[in-house]
Amino acid sequence: MELHIKNMVCNRCKMVVKAELEKLGFNPVSVELGQVSFVENISFTDKVKIAEKLNQLGFELLKDKKTQITEQIKTVIINLVHYTKEPLKINLSSFLSERIHLEYPQLSALFSELENQTIAKYFIAQKVEKAKEMLTYRELTLSEIAYQLNYSSVAHLSSQFKQVTGLTPSTYKNLLLANRKSLDEV
């Protein structure tokens, strides 16, 4: 049995969810971003108990299929932008279709309906948040950041960065702004 959980965006989230499930007496087979798998079925009463505990921690148990698919899209994009070192070798639409096993037009319509933004805008927002993180650490040049985030040029990164934040990356870096958002708020 699988449960789908909203707001699981990092490895720490996975550890917290796993630990809390074990405290409640459950033994998950796997805990991934946005998804927990069990060997046994979970009763309705147990799901309510799990949902209450997850809500206390800022997570949410997802019930309907549309919300689950939307969260899967977000999870795939977050993994791609924040945790994958390899550049994307195919376009995002094909990548999402392959990972989620649905046609992209269906994914796109569903995502836009529930999130009030396009998948492309969400993807750009995640890349900009990653760029802000990298700028904050001051370890990489803007060219290195653009390369790591698979931008075709520094100008392309700068254009999208300014479109999302209202600032150029250089201005952001010089002001040392700390207005970064947590990944689940993007």
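## The main nonpolar core

In this predicted model, the largest nonpolar core holds 35 residues, and the members that touch the most others are Ile5, Val17, Ile73, Ile77, Leu96 and Ile119. Quite a few elements chip in: β1 (2-6), α1 (11-23), α2 (44-56), α3 (65-83), α4 (92-100), α5 (104-115) and α6 each give two or more residues to this core. The top contributor is α3, with 7 residues.

Isoleucine 77 is a good place to zoom in. Leaving aside residues up to four places away in sequence, Ile77 touches Leu96, Ile119, Tyr122, Phe123 and Gln126. Apart from this core there is another one, made of 13 residues, including Leu135, Ala146, Leu157 and Phe161.

## Helix α6

Helix α6 covers residues 119-137, and its length checks out: at 1.5 Å a residue, its 19 residues should span 27 Å, and the end C-alpha atoms are indeed 27 Å apart. This helix is mostly covered, with 15 of its 19 residues buried. Right after α6 comes arginine 138, where phi turns positive, near 55 degrees.

## Two loop residues with positive phi

Most residues other than glycine have a negative phi, which makes a couple of loop positions worth a look. Asparagine 7 sits in the loop between β1 and α1, and its phi is positive, near 80 degrees. Histidine 101 is in the loop between α4 and α5, with a positive phi near 65 degrees.

Are these residues buried or exposed? Asparagine 7 has a relative accessible area of 19%, and the cut-off for buried is under 20%, so Asn7 counts as buried. Histidine 101, at 67% relative accessibility, goes down as exposed, because the cut-off there is over 50%.

## The whole chain

Stepping back, the protein has 9 helices and 4 strands, which run along the sequence as β-α-β-β-α-β-α-α-α-α-α-α-α. Its C-alpha trace spans about 55 × 35 × 30 Å along the principal axes. Of the contacts between residues at least 6 apart in sequence, 61% join residues at least 24 apart.

As for the surface, buried residues account for 41% of the 186 in the protein. The accessible surface adds up to about 10600 Å², and carbon and sulfur atoms own 51% of that. On the charge side, there are 24 positive and 21 negative charges, and their mean positions lie 5 Å apart.

Methods: Residues numbered from 1 in each chain as written. Predicted model: local features only at pLDDT ≥ 70, side-chain atom pairs only at ≥ 80, totals over all residues. Heavy atoms only, no water. Expected span 1.5 Å × (residues − 1). Buried < 20%, exposed > 50% of the residue type's maximum accessible area, 1.4 Å probe, protein only. Contact = heavy atoms within 4.5 Å. Areas by Shrake-Rupley, 256 points an atom, 1.4 Å probe, with all protein chains shown as cover. Lys, Arg positive; Asp, Glu negative; His and termini not counted. Charge placed at Lys NZ, Arg CZ, Asp CG, Glu CD. Core = buried A, V, L, I, M, F, W, Y, C linked by side-chain atoms within 4.5 Å.
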